[in-house]
Amino acid sequence: MKLFKDKEDFSIYKNYICKLSQQESKNIDLNFEGWKILIDESITKIIEDKLQMKYLGNGIWATDYDNHCRKMLELFIINNKYATFKWGWNFDFIPIEKNKKLFYAKNDKQAKLHIFEVSTDFYKNTQNRKKTIVSSLGKELSSFDKTILEMKESYINVINYLLPTIKKYYEKTDSYKKIIEDIDNKLTNNYYSFINPEMRVVKVYIKAFLGNKEGAKMELETISFKNEEIKKEYLLYLDNV
């Protein structure tokens, strides 16, 4: 079964070829803007159909809010040539830090995952790791349309490979209680503790949301922050939960 039309026009992507690629290489190398557009065009329909998420832009897909949280999928950049995906939850009552200030990530332009998961194949570097990775690199510039088509098909293969794992994650975190349990499990994992150090703060805010605000404040006091002013802000925002 063919995934795309035989005569689909990919000429727009010629505007996004890295200049260095044109000058020194015979292969396609899309710049970041073009890469994101191609990924969106390739997999958004699948994500809409299978995960009921809409594309927000900038490599992020999400559902609407339900009970103050929403599912979210995000392009997880490894470097400027390779990426995988991470998926998890965004909460409208938990602030995020940027430039030493806190704000709520409620609207689509400020969308951010508070907690997330990535493929075990990816971070444990299994034999299937390549099946989780998308790339801005393609084959021959001389066969431009054919190469772009192959890139699109490779992105589809990646999201289809990850879909069962993504769905399983949302099944095991389909309540706030289960989300806390998942955070507790990930806090014992060195990889997640490193790439998502805010998990403890997220857990505290969920506890407050579920009614244990005093216990949440006490737990937040035990968390170390690089900036004590940020800690004070988190405590102030906690009163609004």
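Where does Ile12 lie in this chain? Ile12 is found in the segment before α1, the helix that covers residues 19-24, and I should say at once that what we are looking at is a predicted model. With a relative accessible area of 44%, Ile12 is partly exposed, because that term covers the values between 20% and 50%. If you look from Ile12 to Leu210, you will find the two C-alpha atoms separated by 49 Å, and these residues are 198 positions apart along the chain.

Let me now step back to the whole chain. The secondary structure comes to nine helices and ten strands, and the C-alpha atoms fill a box of roughly 65 × 35 × 35 Å when the box is taken along the principal axes. The chain has 241 residues, of which 46% count as buried. If we take the contacts in the chain with a separation of 6 or more, residues 24 or more positions apart account for 59% of them.

Which residues have the most contacts inside the largest nonpolar core? They are Phe85, Phe91 and Ile206, and the core that holds them has 72 residues. The largest share of this core, twelve residues, comes from helix α4. Phe85 is a good residue to select on the screen, and here I leave aside its neighbours within four places in sequence: Phe85 is in contact with a long list of residues, among them Ile39, Ile43, Trp61, Leu73, Phe76, Val118, Val134, Val158 and Leu162. Two of the other partners of Phe85 are Glu74 and Glu117.

That brings us to helix α4 itself. Helix α4 runs over residues 144-172, which makes 29 residues, and reaches 43 Å from its first C-alpha to its last, close to the 42 Å expected at 1.5 Å a residue. Where in α4 does the kink lie? A kink of about 40° is placed at Leu163, shortly before the proline Pro164.

Next, please turn to the hairpins. Strand β2, residues 54-57, and strand β3, residues 60-62, pair in the antiparallel sense over three bridges, and within this pair Lys54 stands opposite Ala62 in β3. Two residues sit between β2 and β3 in their hairpin. Asn58 belongs to the loop between these strands, and its phi is positive, about 55°, although Asn58 is not a glycine. Is Asn58 buried or exposed? Asn58 counts as exposed because its relative accessibility is 54%, and the cut-off for exposed is over 50%.

The other hairpin is built from strand β6, residues 95-98, and strand β7, residues 101-104, which pair in the antiparallel sense over four bridges. Here Ile96 stands opposite Phe103 in β7, and there are two residues between the strands, with Asn99 taking a positive phi near 55°. As you look at strands like these, keep in mind that in a regular strand the side chains alternate between the two faces of the sheet.

There is one more asparagine to mention. Asn125 lies in the loop between α3, residues 120-123, and β9, residues 134-135, and its phi is near 55°, a positive value in a residue other than glycine. Asn125 counts as exposed, since its relative accessibility is 57%.

Finally, I would like to look at two residues together, Gln52 and Thr63. Gln52 has its place in the loop between α2, which covers residues 32-51, and β2, while Thr63 is found in the loop between β3 and β4, the latter covering residues 69-77. Gln52 counts as exposed, at 54% relative accessibility, whereas Thr63 counts as buried because its relative accessibility is 13%, and buried means under 20%.

What does Thr63 touch, if we do not count residues up to four places away in sequence? Thr63 touches Leu51, Gln52, Met53, Arg70 and Lys71. With Lys71 we can be more specific, in that a polar atom of the Thr63 side chain lies 3.0 Å from the backbone nitrogen of Lys71. Gln52, again leaving aside its neighbours within four places, is in contact with Ile47 and Thr63, and a polar atom of the Gln52 side chain lies 2.9 Å from the backbone oxygen of Asp49. Gln52 and Ala62 are ten residues apart in sequence, and their C-alpha atoms are 7.9 Å apart in space.

How values were computed: Residues are numbered from 1 along each chain as its sequence is written. This is a predicted model: local features need pLDDT of at least 70, side-chain atom pairs count only at pLDDT 80 or more; totals for chains, interfaces and linings use all residues. Side-chain values use heavy atoms; hydrogens and water are left out. Two strands pair if DSSP finds at least two bridges between them. The expected span of a helix is 1.5 Å times one less than its number of residues. The bend at a residue is the angle between axes fitted to the seven residues ending there and the seven starting there. Buried means under 20% relative accessible area, exposed over 50%, partly exposed in between (1.4 Å probe, protein chains only). A polar contact is a pair of N or O atoms within 3.5 Å; within protein, one must be able to donate a hydrogen and the other to accept it, and residues adjacent in sequence count only if both atoms are side-chain atoms. Contact means heavy atoms within 4.5 Å. A nonpolar core is a set of buried Ala, Val, Leu, Ile, Met, Phe, Trp, Tyr and Cys residues joined through side-chain atoms within 4.5 Å.
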